[in-house]
Amino acid sequence: MGAKGEGGVAMLSLVLFFESCVFPTIFTLSIRGLGRHTKRGSSWIVAAVSGGALFPSLTGLVADHKGYHIAMCVPLIGFAVAFAFPIYLNTICAQELDGFRETKIGYHDDEGLAIGDIKHEERKASLVHEEKEISY
């Protein structure tokens, strides 16, 4: 936080460069597992983007009262939340969010095996082979 001149500008540019991937990450992780509510959830996330209005104002307020070095803790808190959010979703809420992962798409026979599945083809071949042995 003590960098001055061109070094400070370079560090600020690096921070802003790596910050650019935060919103797509949060957006993608937030709509995971919404199922039929994905459109509504997406619209709420887009409508709720207020970081661009809140964080600079709050940082300026803290800078006026406490100083610029302390004011940089405000974006740091935002980065900490952005770092912790995917960890929270992928550890604590993973089971709930990934409930749509197992799907049964396609045609199934009477035994519940998917037609076109390797197990189905092997079972079908063994049944045909057994029928040929019985008929002889």
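**Figure 1. Ser42, a buried residue of a predicted model.** In this predicted model, Ser42 has a relative accessible area of 14%, so it falls under the 20% limit and counts as buried. Its place is in helix α3, which covers residues 38-47. Which residues does Ser42 touch, once those up to four places away in sequence are set aside? They are Phe27 and Ile31.

**Figure 2. Thr59 and its contacts beyond the local sequence.** Here we turn to helix α4 (residues 51-66), where Thr59 lies. Is Thr59 buried or exposed? With a relative accessible area of 12%, Thr59 is buried, because the value is under 20%. Leaving out neighbours within four places in sequence, Thr59 is in contact with Ala71, Met72, Val74 and Pro75. One of these partners, Val74, is itself buried and sits in helix α6.

**Figure 3. Leu61, a partly exposed residue of helix α4.** Leu61 shares helix α4 (residues 51-66) with Thr59. Its relative accessibility is 47%, which lies between the 20% and 50% limits, so Leu61 counts as partly exposed. If you would like a distance to check, try the C-alpha atoms of Leu61 and Ala71: they are 8.1 Å apart, with the two positions 10 residues apart along the chain. Ala71 also appears in the previous view, as a contact of Thr59.

**Figure 4. A nonpolar surface patch that includes Phe17.** Four residues, Met11, Leu14, Phe17 and Phe18, make a nonpolar patch of about 450 Å² on the surface. Phe17 belongs to helix α1, residues 6-19. Why does Phe17 count as exposed? Its relative accessibility is 56%, and exposed means over 50%. A general point helps when looking along a helix: with 3.6 residues a turn, residues three or four places apart point the same way.

**Figure 5. Helix α6 and its buried residues.** Helix α6 runs through residues 73-91 and has 19 residues. From its first C-alpha to its last it reaches 27 Å, close to the 27 Å expected at 1.5 Å a residue. Which residues of α6 are buried? Val74, Pro86 and Leu89 are.

**Figure 6. The whole chain, for orientation.** Stepping back from the close-ups, the protein chain has 8 helices and 0 strands. Of its 136 residues, 10% are buried. The accessible surface comes to about 11,300 Å², and carbon and sulfur atoms supply 66% of that area. Among contacts with a separation of 6 or more, 38% link residues 24 or more positions apart.

**Figure 7. Confidence along the predicted chain.** How sure is the predictor? The mean pLDDT of the protein chain is 76, and 74% of the residues score at least 70. Confidence is highest in helix α5 (residues 68-71), at a mean of 88, and lowest in helix α8 (residues 118-135), at a mean of 69.

How values were computed. Residues are numbered from 1 along each chain as its sequence is written. This is a predicted model: local features need pLDDT of at least 70, side-chain atom pairs count only at pLDDT 80 or more; totals for chains, interfaces and linings use all residues. Side-chain values use heavy atoms; hydrogens and water are left out. Helices (H or I, at least four residues) and strands (E, at least two) are DSSP runs, numbered from the N terminus. Buried means under 20% relative accessible area, exposed over 50%, partly exposed in between (1.4 Å probe, protein chains only). Contact means heavy atoms within 4.5 Å. Patches are made of residues with over 30% relative accessible area and no salt bridge: like charges are joined within 9 Å, nonpolar side chains (Val, Leu, Ile, Met, Phe, Trp, Tyr) within 5 Å. Accessible areas come from the Shrake-Rupley method with a 1.4 Å probe; for residues, only the protein chains shown count as cover. A salt bridge is a side-chain nitrogen of Lys or Arg within 4 Å of a carboxyl oxygen of Asp or Glu. pLDDT is the predictor's confidence in each residue, from 0 to 100. The expected span of a helix is 1.5 Å times one less than its number of residues.
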